Amino acid sequence: MSTKNSENITLTIKINSETFYKNVSVSQESSNQEHQQNEEKKAKLENLTIELNNIKEKNNLIEQEIIDKKNKGYDVSQVSTSDLKRYTRDAQEAVLASDIQGAELNIILANLEYNDLKSLVDNTKKISIITRIKDNAVFFSAIAGSILTFFALYELMKNKRQRIA
C-alpha cells in the first residue's frame with residue numbers, strides 16, 4: 001500500500017489502570033477506497049430498489065390477472081400471492097437496512113415465486129358446469145326446499161279454506 005498523504009495518529013488505549021500508546025499510519029488512499037466502496041454500495045442499493053419496484057408492479061399485475069381469471073370462471077383457488085408479498089416485503093426491509101445480500105436473495109426468491117405464479121395462472125382451467133352445481137348444491141337445495149315449502153303452505157291454506165266454507 002502506498003503512503004501518499006499519510007498521517008500518523010497516536011491511539012491511547014486504557015485497560016484498567018494501565019495506558020498504552022500506539023502510533024498508526026493512516027493513508028488518504030484507504031479513505032478513497034472506503035468512499036468508492038460506499039458509492040458502489042449506494043449504486044447497488046439503487047439498482048435493487050429499481051428491481052424491487054419492478055417486482056411490486058409484477059405483483060399488482062398477477063393479482064389483477066387472478067381476479068380477471070376468477071371473474072371469467074377459472075379455478076384459481078390454488079393460486080396465492082402471499083409468498084410473493086412476503087419476499088417483496090423482506091427485500092424492501094433489506095434495502096432499507098442496506099443489506100445488499102439479503103435484498104438480492106429476496107429479490108431472486110420473489111422473481112422465482114412470480115414465475116411459478118404466472119405459470120399457475122396461465123395453466124388454470126375453466127370450472128365446469130357440473131363442478132359449479134356441486135359447489136352450489138346447498139344453495140340450490142335451499143331454494144328447492146323453500147319452493148316446496150311455499151307449495152305446501154299454499155295447499156294447506158287451500159284445504160283450510162275449504163273446511164271453513
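**Exercise 1. List the contacts of E113 beyond its sequence neighbours, and state its charge environment.**

Step 1. Set aside residues within four places in sequence; E113 is then in contact with S80, D83, L84 and Y87. Contact means heavy atoms within 4.5 Å.

Step 2. Place the residue: E113 sits in helix α3. Helices are DSSP runs of H or I with at least four residues, numbered from the N terminus.

Step 3. Check burial and charge. E113 is buried yet has no salt bridge. Buried means under 20% relative accessible area, exposed over 50%, and partly exposed in between (1.4 Å probe, protein chains only). A salt bridge needs a side-chain nitrogen of Lys or Arg within 4 Å of a carboxyl oxygen of Asp or Glu. The nearest side chain of opposite charge is R86, 6.8 Å away. Here Lys and Arg count as positive, Asp and Glu as negative; His and the chain ends are not counted.

A note on the source: this is a predicted model, where local features need pLDDT of at least 70 and side-chain atom pairs count only at pLDDT 80 or more, while totals for chains, interfaces and linings use all residues. Residues are numbered from 1 along each chain as its sequence is written, and side-chain values use heavy atoms, with hydrogens and water left out.

**Exercise 2. Find the partner of R86 and describe the pair.**

Step 1. R86 meets D83 in a salt bridge, 3.1 Å from N to O.

Step 2. Both residues lie in helix α2, three residues apart, about one turn of the helix.

Step 3. Compare exposure with the cut-offs. D83 has 31% relative accessibility, so it counts as partly exposed. R86, at 36%, is partly exposed.

**Exercise 3. Test the length of helix α2 and find its buried face.**

Step 1. Helix α2 covers residues 82-96, which is 15 residues. The expected span is 1.5 Å times one less than the number of residues. That gives 21 Å, and the end C-alpha atoms are 21 Å apart, which agrees.

Step 2. List the buried residues of α2: L84, Y87, T88, A91, A94 and V95. Seen down the axis, they fall within an arc of 125°, so they line one face of the helix. The arc is taken from the directions from the helix axis to the C-beta atoms.

Step 3. Turn to the other side of α2: E93 and L96 are exposed there.

Step 4. Look just past α2. S98 takes a positive phi of about 60°.

**Exercise 4. Identify the hubs of the largest nonpolar core and the helices that supply it.**

Step 1. Define the core: buried Ala, Val, Leu, Ile, Met, Phe, Trp, Tyr and Cys residues joined through side-chain atoms within 4.5 Å.

Step 2. The largest core has 20 residues; L48, I62, I66, V79 and L84 touch the most other members.

Step 3. Helices α1, α2 and α3 (100-122) each supply at least two residues of this core. The largest share, seven residues, comes from α3.

Step 4. Take one hub. Not counting residues up to four places away in sequence, I66 touches V76, V79, T81 and V121.

**Exercise 5. Show how salt bridges tie helices together.**

Step 1. Count them: there are four salt bridges.

Step 2. E63 pairs with K85, closest N and O atoms 3.0 Å apart. E63 is in α1 and K85 in α2, so the pair ties together parts 22 residues apart in sequence.

Step 3. K118 pairs with E65 at 2.9 Å between the closest N and O atoms. K118 lies in α3 and E65 in α1, 53 residues apart.

Step 4. Extend the second pair: E65, K118 and D122 are linked in a network of salt bridges.
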